[in-house]
Protein chains: 2
Amino acid sequence: MQVMKKKYNKKCVVLLSGGIDSSTTLFYVKKKGFNPQCLIFDYGQRHRKEINYAKKIASYLKVRYYIVKISLPWKGSSLLDRNLPLIVKKTKNTIPSTYVPARNLIFLSFAVSFAEAISAKYVFYGANQIDFSGYPDCREEFINKLQKTVDVGTKYSIEGKKIFIKAPLLNLSKEQIIKLALKLKVPLDLTWSCYKGDKKPCGLCDSCKIRAEGFMKASIKDPLLK
Amino acid sequence: MQVMKKKYNKKCVVLLSGGIDSSTTLFYVKKKGFNPQCLIFDYGQRHRKEINYAKKIASYLKVRYYIVKISLPWKGSSLLDRNLPLIVKKTKNTIPSTYVPARNLIFLSFAVSFAEAISAKYVFYGANQIDFSGYPDCREEFINKLQKTVDVGTKYSIEGKKIFIKAPLLNLSKEQIIKLALKLKVPLDLTWSCYKGDKKPCGLCDSCKIRAEGFMKASIKDPLLK
């Protein structure tokens, strides 16, 4: 984990999806003394339900949030297109059908724009490259390159200031993230992971599976399944 | 100019604002044998009028276009906030008030997403770093870093494919761009530059001034002022 020893009482931007990772990231930065403002994206995702969970998490922590509504005129993902099957047998090294083209690049671009507009120095997101679906935009390599882009592409960069993009959960396993969430008192019953977005988690999609394995390894019962 | 000698009869994405640079870029790639699809952004800009010009240009060339509507919950720019003055005396090396935080990062992120969704290999935009307002996200350095980000952050990149981000007008002067536009038969009366977006161009904003100087140096009368 990228531990920051100093406490910053400063504005930061957090991408909040309503899942465990982004919620834990939010609680983590709050604990570190940041003053977070969240961006929640409404981008036509099948599991629109997660937006309500994100709102609940932000409200629980009494932090400000903004909904960014994006109407993509294209799909290219089973997470956006209900005609495509969500669960496809995955061959090794292929990217799942739920991958949304350049999603994190889009979300982080908005976050950087927001950070610059409100003079925040940090952008946090809950990317994780250990127990993840193999999305290319959740990997350290991507974050590092994007950081270098932001370092030359903003007004801040011309003025000699910097916006830092941080993913504090990047190298934690799902088990470790769940344990951290418990330590930080994240109300996990207010988080949502299932891509289907039905009444109950489907238990079969990638996101459900990764969540279930994390809870199992942490020897904790998922409060959503109680 | 980044000249591409080979002709590609391939899909590409073009960012189209309705100004001279993006319109000329569109005509340029069409001439090069590409099959362009345009993205036009409706992001709360003061000069919303440019959207209609962008539509006219795309329709004139009979190319497909999509409007991407973005509701930014923040401003941080005189181009988004009508309470801020558009024309501010500029001190050297400062970024004008019309700079929109991370705008091109956001627009290009959408373009990359679109390119991936429709299997296009190229994204074109009309950035220019010669006669420009000093926006950091119009510079070659920014494009190069973003290219490296896209090279590791997309499904394409995992599959060993690539999306190229190209700015063919990057190192042309406004005079050269206008001459190229004429050569390519761009209907310049269907382009709009003024940030104010009133009935007639204001003649005083940065965008009007750069346009006027370009026409003057090219010894051509701006058809919008006829």
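**Notebook: two chains, one parallel sheet each**

I began with the sheet of chain A: an open one of 5 strands in the order β3-β2-β1-β4-β5, with parallel pairing. I took strands as DSSP runs of E of at least two residues and helices as runs of H or I of at least four, numbered from the N terminus. Strands pair if DSSP finds at least two bridges between them.

I then looked at the edges. In chain A, β3 (64-69) and β5 (164-166) each have a single partner strand, so one side of each lacks a neighbour in the sheet. Neighbouring strands are turned by 25° against each other on average, direction ignored. For such angles, axes are lines fitted to C-alpha atoms, for helices over the stretch in contact, and the values run from 0 to 180 degrees between N-to-C directions.

I noted the source of the coordinates. This is a predicted model, where local features need pLDDT of at least 70 and side-chain atom pairs count only at pLDDT 80 or more, while totals for chains, interfaces and linings use all residues. Residues are numbered from 1 along each chain as its sequence is written, and chains are lettered from A and ligands numbered from 1 in the order in which they are written.

**Chain A**

I checked one strand pair. β2 (residues 35-42) of chain A and β3(A) pair in the parallel sense over 6 bridges. A:L39 stands opposite A:Y66 in β3(A).

Which strands does helix α1 of chain A lie across? Helix α1 (residues 20-31) lies across β1 (11-15), β2 and β4 (122-124), at about 165° to β1(A). Contact here means C-beta atoms, placed from the backbone, within 7 Å. Helix α3 (residues 103-117) of chain A lies across β1, β2, β3, β4 and β5, also running at about 165° to β1(A).

I counted 7 helices and 5 strands in chain A. Along the sequence they follow β-α-β-α-β-α-β-α-α-β-α-α. The radius of gyration of chain A is 17 Å, close to the 17 Å that the globule rule gives for 226 residues, so chain A is as compact as a globular protein of that length. That radius is taken over C-alpha atoms, and the rule is 2.2 Å times the number of residues to the power 0.38. The C-alpha trace spans about 50 × 40 × 30 Å along its principal axes.

**Confidence**

I looked up pLDDT, the predictor's confidence in each residue, from 0 to 100. The mean for chain A is 92, and 94% of its residues reach 70 or more. Residues 5-9 of chain A stay under 50, and the model has 7 contacts for them beyond four places in sequence. The model scores ipTM 0.93 and pTM 0.93.

**The two copies**

I laid chain B on chain A: the RMSD is 0.0 Å, after a turn of 180° and a shift of 0.0 Å along the axis. The two copies are thus related as by a two-fold rotation axis. The superposition is by least squares on C-alpha atoms of residues with pLDDT of at least 70 in both.

How many residues of chain B are in contact with chain A? There are 37, and they meet 37 residues of chain A. β3, α3 (103-118), α4 (140-153) and α5 (155-158) of chain B each supply at least two residues of that side. The largest share, 10 residues, comes from α3(B). The side divides into 21 nonpolar, 8 polar and 8 charged residues. I counted Ala, Val, Leu, Ile, Met, Phe, Trp, Tyr, Cys and Pro as nonpolar, Asp, Glu, Lys and Arg as charged, and the others, Gly among them, as polar. Of the interface residues of chain B, 100% are also interface residues in chain A, so the copies meet through the same surface.

Terms used: Two residues are in contact if their C-beta atoms, placed from the backbone, lie within 7 Å.
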